[in-house]
Amino acid sequence: MSAEPITTVEECVDKIIKDLNKDIVFGMPLGIGKPTQFINELYRRAKADPSIKLRMITALSLVPPKPGKGLESTFLNPVFDRIFDGYVPPEYAYDLNAQTLPPNVQVSEFFVKSGSMMKNDYAQQHYISCNYTHVARCMIDQGVNLLAQQVSAGTHNGQEMLSLSSNTDVTNDLMPLIREEQEHGRTIKIVAQVNQELPFMKNDALVTPDEFDYVVDNISYYTTLFAPPNMPVSPVDFAIGMHASSLIKDDGTLQIGIGSMGDAIAYCCILRHQHNDVFRESLGQLGYKNYQAFAEKLGDLAPFEKGLYGSSEMFVNGFLHLMKNGILKRKVYDDVHIQTLVNEGRLDQDITPDTLDQLIELGFFGEVLHGALIEKAKHFGVFNDKVTWENHSLHIDGKAFGTSIFDIETITSLKALGLGDKLKHGIAMHGGFFLGPTDFYQALREMSDEQRDTISMTSVGHVNQLYINEDLAKQQRQEARFINTGLMATVNGAVVSDGLENGKIVSGVGGQYNFVSMAHALPNARSILLVRSTRSSNGETHSNIVYNYGHITIPRHLRDVVITEYGVANLRGRTDAEVIKEMLNVADSRFQEQLLNQAKANGKVEQSYEIPAAYRNNTPDKITRVINEHRKQNLFPAMPFGTDFSPEELKIGAALKQLKPLMGNKVALAKAIFKAHTQTFDSDTMTPYLERMKMTEPQGFKEKLEAKLLQYALDKVL
């Protein structure tokens, strides 16, 4: 099969509709891998022609966010216009959000932006609950007959290639299943749409054009990628990140997710590596001694001398910063024999005669040398270019030799003439997909070939589980720390991450269950789940540590490590009473007694038990005080990895954040309004912020009130 080059999406859609007889089940990648121009043309055709039946199966259908009314809208609209300028969104997503999809079109997602579909009955009803590793199988089961995604084009080793770039995740798992279905007579079409804004990633992301039926390449489709801005990292997030980073072991493996807590972990690892004394001091102030004995067994506080290897379904911006700061540097190799030698310290980077002996001993070569083995050895740098396979014979520097691995003359000559200098093709980061801010994409595009070669975008089947090559995965993922986030946790150690007890889906299970399960299967691995201890709603504070809950994502029998801003709960293999006590120790002190009384009432903790004094001061003020004190020394910045906001916008954003909880509390709002009207503000200081918000000359009572409240809040953050 050879791909048919096409220059317009209109022509490609014409062919797809004809090929599939107007009955289309469309599988597409999540996030930025969607070929939106192609999708939009296909969707328009289906809207205009009810005889076309179109079902789409995907996740994370990204559209620029829509701010609320009033001050929020005035503040955010110019920011979003700037950040998302040139981005082409999928048009179906707007109709999905409005629940106005035509009857002949159906959209099912297996993961949505957190909280975005809580009030969307259509999305709730058509949601597919599926582990990330099972999505490819689910698509086949649902009858997918069209796969399309964005790719980038380039050359590799002199050959024209396409890169799956940001989305190898499901595609690499789905392609073999599609080929199998095609062999059984099913018509399934595969479309690539080129967008050179996508970084040209190599390794497992590379495919030949003939993997596709149609390749659409038109410079007008080289449009801006969706780039969510970095979110502010709060003191609570930094405290959680500090605790988590103390459990990460040098020379180990790391998985983290997107968002402020992932950024916090990356920042705290950099702090540990570059300013170790400050890291230790801050950690001590945040209560490290309460779990020190456990942390010393599991992790370390020293700088990352050997470095970490990243293995994560999502290659996030934090990993890139770990790489830039010399932490993400432990390389793994796609061969169990080589990886074993590396892990055991018998092979560093230099290839020596002993290396050959050790690989022979482990069975790397088998008993007889042949062409494929020689190419494999050259790929990893074990052999140099003097070693060749010609006319079914081994040649070393042009001379023929025997192929038995026990032939002394052959081995002697290989050691003398045929060895390479250094190990090659080590990977420091395996990821399934990526999504990040504009400078993240730019950094990937501008990387040297040598740097980019250490990143392998690959399938979730490879990253999120052990089954593709279990022996190799175990060797590569030594001392793994799989760190994910949850919404709530029960005192029994179950974690709620994807939905609510009323059945509403908040986001999706994604790969979380896979990583938790894998942590229990891998030697010396741990699952670490991060949960903020409280949340605020309508002016009220609620505990995220609850006694019980009607929906869980991670069951209690897979409990391991739970972290809140107040510390670390060690749960694996412990009794229910021990687990409950650990969870109470990391709960907010305002809710500890209530939770303890529930446990006692249900006979899960002895009646005489009291929460130790060391854990009774779990208060937000304690956390804020520690982090803010260090912020005076320019540590723990709210935007540790940069921002798309201007300095003025950052201050306005902080002010609006202070005002937001007041809107749900009439008494607090009334007090703020009174103070705002009785306080005098420096006009020179406030003018730049009021100009940005177009409030220098407010009109009417509402605008004047908003201007006063804004200045009141700004005065607190300036």
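The following questions and answers concern the overall dimensions, one small set of paired strands and the internal cavities of a predicted model.

User: What radius of gyration does the protein have, and which value would a compact globule of 718 residues have?

Analyst: The C-alpha trace of this predicted model spans about 95 × 65 × 55 Å along its principal axes, and the protein contains 28 helices and 25 strands. A compact globule with 718 residues would have a radius of gyration near 27 Å, which agrees with the value for the protein, 28 Å.

User: In the open sheet with the order 12-13-14, which strands stand at the edges?

Analyst: The sheet is open and has three strands, paired in the antiparallel sense in the order 12-13-14. Two of these strands have a single partner strand each, so one side of each is left without a neighbour in the sheet, and they are strand 12 (387-390) and strand 14 (399-401).

User: Which residue in strand 14 is the bridge partner of histidine 395?

Analyst: Strand 13, which covers residues 393-396, pairs with strand 14 over three bridges, and the sense of this pairing is antiparallel. For histidine 395, the bridge partner in strand 14 is alanine 400.

User: Which helix packs on the sheet touching strand 12, strand 13 and strand 14?

Analyst: Helix 15 (residues 371-379) packs on the sheet and touches strand 12 and strand 13, with its direction making about 155 degrees with that of strand 12. Another helix, spanning residues 408-418, has a direction that makes about 40 degrees with that of strand 13 and touches strand 12, strand 13 and strand 14; this is helix 16.

User: How do the lining residues of the largest cavity divide into nonpolar, polar and charged?

Analyst: A search of the whole structure finds six cavities of 30 Å³ or more, and the largest cavity holds about 100 Å³ of space. Its lining includes Ile32, Lys34, Tyr87, Gln150, Asn195 and Phe226. By class, the residues of this lining are five nonpolar, six polar and one charged.

User: Which elements give two or more residues to the lining of the second largest cavity?

Analyst: About 70 Å³ of space lies in the second largest cavity, and among the residues that line this cavity are Leu96, Val107, Glu109, Ala123, His126 and Ile505. The lining has six nonpolar, three polar and one charged residues. The elements that contribute two or more residues to the lining of this cavity are strand 4 (105-109) and helix 5 (121-126).

Notes
Residues are numbered from 1 along each chain as its sequence is written. This is a predicted model: local features need pLDDT of at least 70, side-chain atom pairs count only at pLDDT 80 or more; totals for chains, interfaces and linings use all residues. Side-chain values use heavy atoms; hydrogens and water are left out. Two strands pair if DSSP finds at least two bridges between them. Helices (H or I, at least four residues) and strands (E, at least two) are DSSP runs, numbered from the N terminus. Contact means heavy atoms within 4.5 Å. Axes are lines fitted to C-alpha atoms, for helices over the stretch in contact, and angles run from 0 to 180 degrees between N-to-C directions. On a 1 Å grid over the protein atoms alone, a cavity is a set of points where a 1.4 Å probe fits but cannot get out, and a pocket is an open set with protein on both sides within 12 Å along at least five of seven lines; lining residues have an atom within 4 Å of a point. Grid points are joined across faces, edges and corners, and a volume is the space filled by probe spheres set on the points. Ala, Val, Leu, Ile, Met, Phe, Trp, Tyr, Cys and Pro count as nonpolar, Asp, Glu, Lys and Arg as charged, and the others, Gly among them, as polar. The radius of gyration is taken over C-alpha atoms; the globule rule is 2.2 Å times the number of residues to the power 0.38.
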